[in-house]
Amino acid sequence: MASSKEYLDYILEQLSELEGITFKPMMGEYILYMYGKIFGGIYDDRFLVKPTKSAMAMMPDAVRELPYEGAKEMLLVDNVDNREFLKELLTAMFDELPVPKQKKK
């Protein structure tokens, strides 16, 4: 099942207080970036983030889910209605996210 544009729009609205948030559609789902670093995505209308130390500390009871078959587990964010929490979560996660690999020319 692909994710809906409406759910993506809702999550982007919830993250609107943060700068540098972008997305790319990929095979019916959406990869989410903050200043070019992948922090999570929208998969089957679920907001999932990478299991960084800070994300696990802020969401100790978060359900781990697979975004798609064969992928690494991610954390389900179930507190999507709380903008302040989302802002704190992504701000805390940012420095732990890997720097994107440079594409070969």
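Q: Contact means heavy atoms within 4.5 Å; with that in hand, which elements do the buried residues of helix 3 pack against?
A: A heads-up: this is a predicted model, where local features need pLDDT of at least 70, side-chain atom pairs count only at pLDDT 80 or more, and totals for chains, interfaces and linings use all residues. Residues are numbered from 1 along each chain as its sequence is written, and side-chain values use heavy atoms, with hydrogens and water left out. Helices (H or I, at least four residues) and strands (E, at least two) are DSSP runs numbered from the N terminus, and buried means under 20% relative accessible area, exposed over 50%, partly exposed in between (1.4 Å probe, protein chains only). The buried residues of helix 3 pack against helix 1, strand 1, strand 2, strand 3, strand 4 and helix 2 (53–58).

Q: Which residues of helix 3 are buried, and what arc do they cover?
A: The buried ones are Phe85, Leu86, Leu89, Leu90 and Met93. They sit on the same side of helix 3, because the arc they cover around the axis (taken from the directions from the helix axis to the C-beta atoms) is only 125 degrees.

Q: How far does helix 3 reach from its first C-alpha to its last?
A: Helix 3 has 12 residues. The expected span is 1.5 Å times one less than the number of residues, which comes to 16 Å here. The model is close to that, at 17 Å.

Q: Which residue caps the N-terminal end of helix 3?
A: Look at the backbone nitrogen of glutamate 84, which has a side-chain oxygen 3.2 Å away. The cut-off for a polar contact is a pair of N or O atoms within 3.5 Å; within protein, one must be able to donate a hydrogen and the other to accept it, and residues adjacent in sequence count only if both atoms are side-chain atoms. The oxygen belongs to the capping residue, asparagine 82.

Q: In what order do the six strands line up, and how are they paired?
A: Two strands pair if DSSP finds at least two bridges between them. On that basis the six strands make an open sheet with antiparallel pairing. Strand 1 (21–26) and strand 5 (64–65) each have a single partner, so one side of each is left without a neighbour in the sheet. The pairing is antiparallel and the order is 1-2-3-4-6-5.

Q: How many bridges join strand 1 to strand 2?
A: These two run antiparallel, and threonine 22 has tyrosine 33 as its bridge partner in strand 2. The bridges joining strand 1 to strand 2 number six.

Q: Which residue takes the positive phi in the hairpin of strand 1 and strand 2?
A: This hairpin has two residues between the strands. The residue in question is not glycine, and its phi is near 50 degrees. It counts as exposed because its relative accessibility is 81%. It is methionine 27.

Q: And which residue takes the positive phi in the hairpin of strand 3 and strand 4?
A: Strand 3 and strand 4 pair over four bridges, with phenylalanine 47 as the bridge partner of isoleucine 42. Two residues lie between the strands. The one with a positive phi near 50 degrees is aspartate 44.

Q: Is aspartate 44 buried, partly exposed or exposed?
A: Aspartate 44 is in the loop between strand 3 and strand 4. Its relative accessibility is 27%, so it counts as partly exposed.

Q: At about what angle does helix 3 run to strand 3?
A: Axes are lines fitted to C-alpha atoms, for helices over the stretch in contact, and angles run from 0 to 180 degrees between N-to-C directions. Helix 1 (residues 5–14) lies across strands including strand 2 (29–34), running at about 15 degrees to strand 2. Helix 3 (residues 83–94) packs on the sheet, and its direction makes with that of strand 3 an angle of about 140 degrees.

Q: Which residues does arginine 46 contact, leaving aside its neighbours within four places in sequence?
A: Arginine 46 is found in strand 4. It counts as buried because its relative accessibility is 18%. Its contacts are Tyr7, Gly41, Glu65, Leu66, Pro67 and Leu76.

Q: How far apart are the C-alpha atoms of aspartate 95 and glutamate 29?
A: Aspartate 95 comes in the segment after helix 3 and is exposed, with a relative accessible area of 69%. In sequence, aspartate 95 and glutamate 29 are 66 residues apart. In space, C-alpha to C-alpha, they are separated by 25 Å.

Conventions
Contact means heavy atoms within 4.5 Å.
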